[in-house]
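Please read the points below with the sequence and the coordinates side by side. They are meant for someone who has not seen this structure before.

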There are 2 protein chains.
Amino acid sequence: MIQKITLIGAGNLATCLGKSLKKNGFDILQVYSHTEESAKTLAEKLNTKYTYNTKDIDLSADLIIISIKDDAIGEMIDKIKHKNLKIVHTSGSVSMQILKTHSYCYGVFYPIMTLSKNRDIDFSDIPICLEANSDDFLSELKEMAERISSQVFEIHSKERKILHMAAVFANNFVNHFYDISENILKENGLSFDLLKPLIKETASKIMELSPHDAQTGPARRFDKSIINRHLKLLENNPKREKIYRFVTDSIISSYKENK
Amino acid sequence: MIQKITLIGAGNLATCLGKSLKKNGFDILQVYSHTEESAKTLAEKLNTKYTYNTKDIDLSADLIIISIKDDAIGEMIDKIKHKNLKIVHTSGSVSMQILKTHSYCYGVFYPIMTLSKNRDIDFSDIPICLEANSDDFLSELKEMAERISSQVFEIHSKERKILHMAAVFANNFVNHFYDISENILKENGLSFDLLKPLIKETASKIMELSPHDAQTGPARRFDKSIINRHLKLLENNPKREKIYRFVTDSIISSYKENK
């Protein structure tokens with residue numbers, strides 16, 4: 001059974017996951033980060049020890065969770081050359097096989113969520129995608145994951161990468177459009193609060209309707225006169241004008257194709 | 001006091017607004033639509049009369065609400081040449097002045113929301129933007145709007161058009177990205193349900209954090225290796241690849257500019 005955990009990383013995901021693990025009764029033995037400041041900050045939140053020296057990472061844990069930038073995972077693995085580790089990474093896009101060389105049990109623990117250090121989040125409904133190099137280790141991970149979430153799935157590397165990419169559209173790109181709309185309002189002395197009920201409803205709507213059926217607006221209605229008026233309003237900002245034109249064309253063609 | 005209403009239009013907005021008005025005790029005298037079927041459908045929902053002949057539109061109402069395609073408003077106004085009407089349209093993008101020629105009281109009643117016929121919605125928190133050609137008529141409209149929503153604002157045509165354009169980003173474009181992500185998952189045999197908690201949280205997050213601070217993901221982290229892997233996954237769909245590249249560049253530049 002997994003009880004003692006060493007957390008490698010102190011970013012958004014490591015912070016939120018660490019808090020959730022602690023809340024659900026796991027022992028966080030230690031936090032590692034390559035900067036002392038961030039290691040210390042997270043260790044204080046989790047009331048545990050920390051290090052910023054890879055040589056001092058506590059490998060006695062039941063599970064090592066690597067939750068760092070994708071590009072840094074390979075290098076980190078090279079630094080903790082201990083053969084008898086149980087180890088997972090939390091990345092949506094990195095293959096499980098990157099962990100193969102140095103561990104007898106390795107896997108992936110990928111929560112499909114947007115996580116920020118400064119926002120507490122309840123993990124209980126977050127889908128967690130697990131992958132492991134053996135059935136036994138998968139069972140151990142499953143038991144552990146189910147202590148923090150009711151939505152635990154076995155998802156292999158190929159599907160996980162697809163999921164991660166789709167999540168970029170559904171979260172990162174969506175949030176960027178919130179950002180653009182806030183900027184448009186700010187520049188015109190209008191409050192972003194005016195759009196918040198709309199944003200809430202846009203997300204709620206697709207819990208019941210498929211997004212394709214939920215679509216409204218000028219592009220959906222092929223209403224060229226409004227589209228042209230919007231493009232005119234965006235004239236002074238060529239980047240925004242281009243993005244408006246681009247997404248509008250994408251919406252129009254997605255309905256024309258399906259006619 | 002506005003009590004009796006004639007509703008011109010039977011689309012998404014007219015349907016949801018009509019239901020909300022009826023629920024809040026207004027009398028819907030009649031529904032007009034240019035097709036008999038849609039006029040009848042909405043009239044049945046509102047338990048009232050209908051017509052699909054502009055000559056038979058009931059102009060005895062305290063207020064005529066025109067809720068039709070933007071392009072059709074001008075033509076509709078030409079058809080109801082009665083001088084003593086109180087009349088509003090519900091469009092985000094059309095100037096109030098389009099109603100000037102034929103009415104002594106005219107204005108705009110624009111709810112900032114995405115509305116679909118097949119989804120009931122509570123109007124009580126929907127921001128309603130009002131504009132009127134006189135203070136008296138504005139007061140009448142305000143009193144009426146406040147019977148269905150607690151969020152009533154006076155917003156002039158210029159600001160309303162900006163709001164509508166920002167809403168296209170925050171709703172239409174956002175929903176299109178939900179649509180793309182559902183399609184990506186479907187094509188790979190994965191359930192869209194896996195992304196729903198993420199979508200909910202993405203919208204909830206910006207009720208507290210500004211979208212700019214809420215942003216996460218590979219573009220935000222300037223993580224080129226993931227971005228390139230995603231582009232590779234999208235190779236077989238040049239449109240999606242282009243849109244991924246485009247929005248990613250927009251995110252990256254929005255953070256580089258602010259550095």
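1. A helix of chain B makes a convenient starting place, and its outward residues come before the rest: B:G74, B:E75, B:D78 and B:K79 are exposed, and they lie on the other side of α3(B) from the residues taken up next. The reader should keep in mind that this is a predicted model.

2. Which residues of α3(B) are buried? They are B:I73, B:M76 and B:I77, and because they cover an arc of only 100° around the axis, they fall on the same side of α3(B). The cover over the buried residues of α3(B) includes three strands of chain B, namely β1 (4–8), β4 (63–66) and β5 (85–89).

3. The helix α3 (70–79) also belongs to the contact between the chains, a contact to which chain B brings 79 residues and chain A likewise brings 79 residues. On the side of chain B that touches chain A, at least two residues each come from α3, α5 (157–187), α6 (196–208), α7, α8 and α9 (238–257) of chain B. The helix that gives the most to this side is α5(B), with 24 residues. Sorted by class, the side of chain B that touches chain A holds 41 nonpolar, 20 polar and 18 charged residues.

4. A single proline deserves a separate look, and the place to find B:P218 is the loop of chain B that runs between α7 (211–214) and α8 (224–233). Is B:P218 buried or exposed? It counts as buried, because 25 other C-beta atoms lie within 10 Å, and the cut-off for that label is 20 or more.

5. The surroundings of B:P218 involve both chains: leaving aside residues up to four places away in sequence, B:P218 touches A:V168 from chain A, together with B:D223, B:I226 and B:I227 from chain B. As for B:I251, this residue stands 33 residues from B:P218 in sequence, while the C-alpha to C-alpha separation of the two in space is 9.8 Å.

6. Chain A may be described in more general terms, beginning with its 9 helices and 8 strands. The C-alpha trace of chain A spans about 65 × 40 × 30 Å along its principal axes, and 50% of the 259 residues of chain A count as buried. Where contacts in chain A join residues at least 6 apart in sequence, 49% of those contacts are between residues at least 24 apart.

Terms used
Residues numbered from 1 in each chain as written. Chains lettered and ligands numbered in written order. Predicted model: local features only at pLDDT ≥ 70, side-chain atom pairs only at ≥ 80, totals over all residues. Helix = DSSP H or I, 4+ residues; strand = E, 2+ residues; numbered from the N terminus. Buried ≥ 20, exposed ≤ 12 C-beta atoms within 10 Å, placed from the backbone. Contact = placed C-beta atoms within 7 Å. Nonpolar A, V, L, I, M, F, W, Y, C, P; charged D, E, K, R; others polar. Arc of directions from axis to C-beta.
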